[in-house]
Amino acid sequence: TAINEEMKKAATLAIAELASEPVPEEVSQAYGNVRLHFGPDYFIPKPVDPRLIVRVSTAVARAAMASGVAQKEITDWEAYEGELMARLGQMNHLMRRLHDSARQAPRTMVYAAGESDTVLKAAVEVLHQGLAKPIILGDESHIQDMAKHDDLDLAGIQIINHRSDAFKETRHRYAQLYAEQNWRKGGTFREALDKMYDPNYFGMMMVQNQDADGMLTGLYSNYSYLSEVARSTVGLAPGHNHFATMHLVTLKSGPLFLVDTLINRNLSAESLVDISVLAAEKVRCFGLQPNIALISFSDFGSDDAESSCEARRAVALLHERYPDLSVDGEMQIQTALQLAQRDAKYPQNKLKGKQVNVLVFPRLSAANACYQLLKAVGNADEVVGPIQVGLARPIYFADHDASVKDIVNITAMASLDSNACIVG
């Protein structure tokens, strides 16, 4: 019924509190990558800061209720904040749910590329948001110098120099475990010990030995190499013969997952079945019902090219083995995404009436090009990933050009793996 002094004061205090917190990377980028931190030149949050809509609005609403001028009573503040975030778009709402789940049980997360300023900024943001407990691998003095240069406070973040004498016993312990896991592949303890000087091997063995809950790597290493390291350290999820990555993009029609964007080059029918099932399990963890289309350049048998035939056989196997799974194909992307046209032209399809939200590609080149195109031309509101599916432990790979925001989101997803699924 009014805007009173209590509400004005609540807004002021919320803005002041937000200004003293670390500034999100996307805000800095919007202002020409200027380093923003609380001080004479930055004492009011920038208007593009996405946190304002929730923090200030909620503070004002609470003050209105407390001072007796509110006409409606808010009892579920989490739902109210979710409604505010939804105004920023579907991806923001989905990411908020993901982050909220990660905060409920923050996991220990290892970062291999410790001497990357992007990783350092992301680790600070992850700690500040309470998403995980970061461990950074690298030379401590060099990392501290980088942090000082970037005005980053690393208090609360553990730094491990895995090559130092202090971790000699740990390297030997991990090497022994690694050698026992891989002895039938011709490996020896001495070879395993040499590998432990590599941050990727050391970090993944931390996770395998349960000294950490998850790991993020990939900024400085190629994916085929990381794929082999992951297979030989943490291995594949029980009951599966593959692992893959997918990217999440948001379109006007809703969220869309693309699989496999980084790992498997050419997929057989059996491989497509395995990866489709893995993708479905992960999509359910986002609180979404998976509706899967196996993609090709043909529609339901209109061409007999090898990739089309493999996709067609995979669909037949999926229908036979997983009759409750919502999946069909092979089909073109436009057929998959244009629901009305698809159902009118192919009324017998098993996705009838359902909006496809998972695209499984038989070729890595097609999936990778598709997500890169959406990311480059800006047709998607946002692109998030890579999201790992199929490894026995939460090992995640970041794109080489990953931003701080990308790494923060991937960290939350790795925590999601540890916590099983989004809560609520």
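Contact here means heavy atoms within 4.5 Å of each other. I start with that because the packing of helix α13 depends on what is counted as a contact. By that count, the buried residues of α13 pack against α12, β7 and β8. One caution before going on: this is a predicted model.

Let me stay with α13 for a moment. This helix runs over residues 306-321. Its 16 residues should span 22 Å at 1.5 Å a residue, and the end C-alpha atoms are 22 Å apart, so the two values agree. Which residues of α13 are buried? They are S307, S308, C309, E310, A311, A314, V315, L317 and L318.

Just ahead of α13 is a loop that comes from β7, residues 291-295, and F300 sits in that loop. The phi angle of F300 is near 50°, a positive value, and F300 is not a glycine. F300 has a relative accessible area of 28%, so the residue is partly exposed, since the partly exposed class lies between 20% and 50%.

There is a second residue of this kind. D151, in the loop between α7 (140-149) and β3 (158-160), has a positive phi near 55° and is likewise not a glycine. Its relative accessibility is 47%, so D151 also counts as partly exposed.

Now the overall picture. The protein has 17 helices and 11 strands. Along the principal axes, the C-alpha atoms fill a box of roughly 70 × 65 × 35 Å. Is that in line with a compact globule or out of line with one? For 424 residues, such a globule would have a radius of gyration near 22 Å; the protein has 24 Å, which agrees. Of the 424 residues, 54% are buried. Among contacts with a separation of 6 or more, 69% are between residues 24 or more positions apart.

On to the sheets. One is an open sheet of six strands, in the order β8-β7-β9-β6-β5-β10, and the pairing is mixed. At its edges are β8 (326-331) and β10 (383-389), each of which pairs on one side only. From one strand to the next, the twist averages 25°.

At the β10 end of that sheet, β5, residues 244-251, pairs with β10 in the antiparallel sense over five bridges. If you want one pair to look at, V249 has V383 of β10 as its bridge partner. Helix α16, residues 364-377, lies across β5, β6 and β10, and runs at about 145° to β6.

This sheet is also where to look for the cis peptide bonds I want to mention. The bond from G385 to P386 is cis, with omega near 5°, and P386 is in strand β10. Another cis bond joins V259 and D260, where omega is about -10°. Strand β6 covers residues 254-259, and D260 lies in the loop that leads from β6 to α12, residues 269-285. α12 is one of the elements that the buried residues of α13 pack against, as I said at the start.

The other sheet for today is also open. It has five strands in the order β3-β2-β1-β4-β11, with parallel pairing. What stands at the edges of this one? β3 and β11 (395-397) do, each with a single partner strand, so one side of each has no neighbour in the sheet. Here too the twist averages 25° from one strand to the next. Inside the sheet, β1 (107-111) and β4 (214-217) pair in the parallel sense over three bridges. V110 has M215 in β4 as its bridge partner.

Last, helix α8, residues 168-182. It has 15 residues and reaches 21 Å from first C-alpha to last, close to the 21 Å expected at 1.5 Å a residue. The buried residues in α8 are T170, R171, Y174, A175, Y178, A179 and N182. Why do these fall on the same side of α8? They cover an arc of only 165° around the axis, and that puts them on the same side. The spacing fits a general point: an α-helix has 3.6 residues a turn, so residues three or four places apart point the same way. As for what covers the buried residues of α8, that includes α9 (189-195), α10 (199-208) and α11 (223-233).

That is the end of my part.

Definitions and conventions: Residues are numbered from 1 along each chain as its sequence is written. This is a predicted model: local features need pLDDT of at least 70, side-chain atom pairs count only at pLDDT 80 or more; totals for chains, interfaces and linings use all residues. Side-chain values use heavy atoms; hydrogens and water are left out. Helices (H or I, at least four residues) and strands (E, at least two) are DSSP runs, numbered from the N terminus. The expected span of a helix is 1.5 Å times one less than its number of residues. Buried means under 20% relative accessible area, exposed over 50%, partly exposed in between (1.4 Å probe, protein chains only). The arc is that of the directions from the helix axis to the C-beta atoms. Two strands pair if DSSP finds at least two bridges between them. Axes are lines fitted to C-alpha atoms, for helices over the stretch in contact, and angles run from 0 to 180 degrees between N-to-C directions. The radius of gyration is taken over C-alpha atoms; the globule rule is 2.2 Å times the number of residues to the power 0.38.
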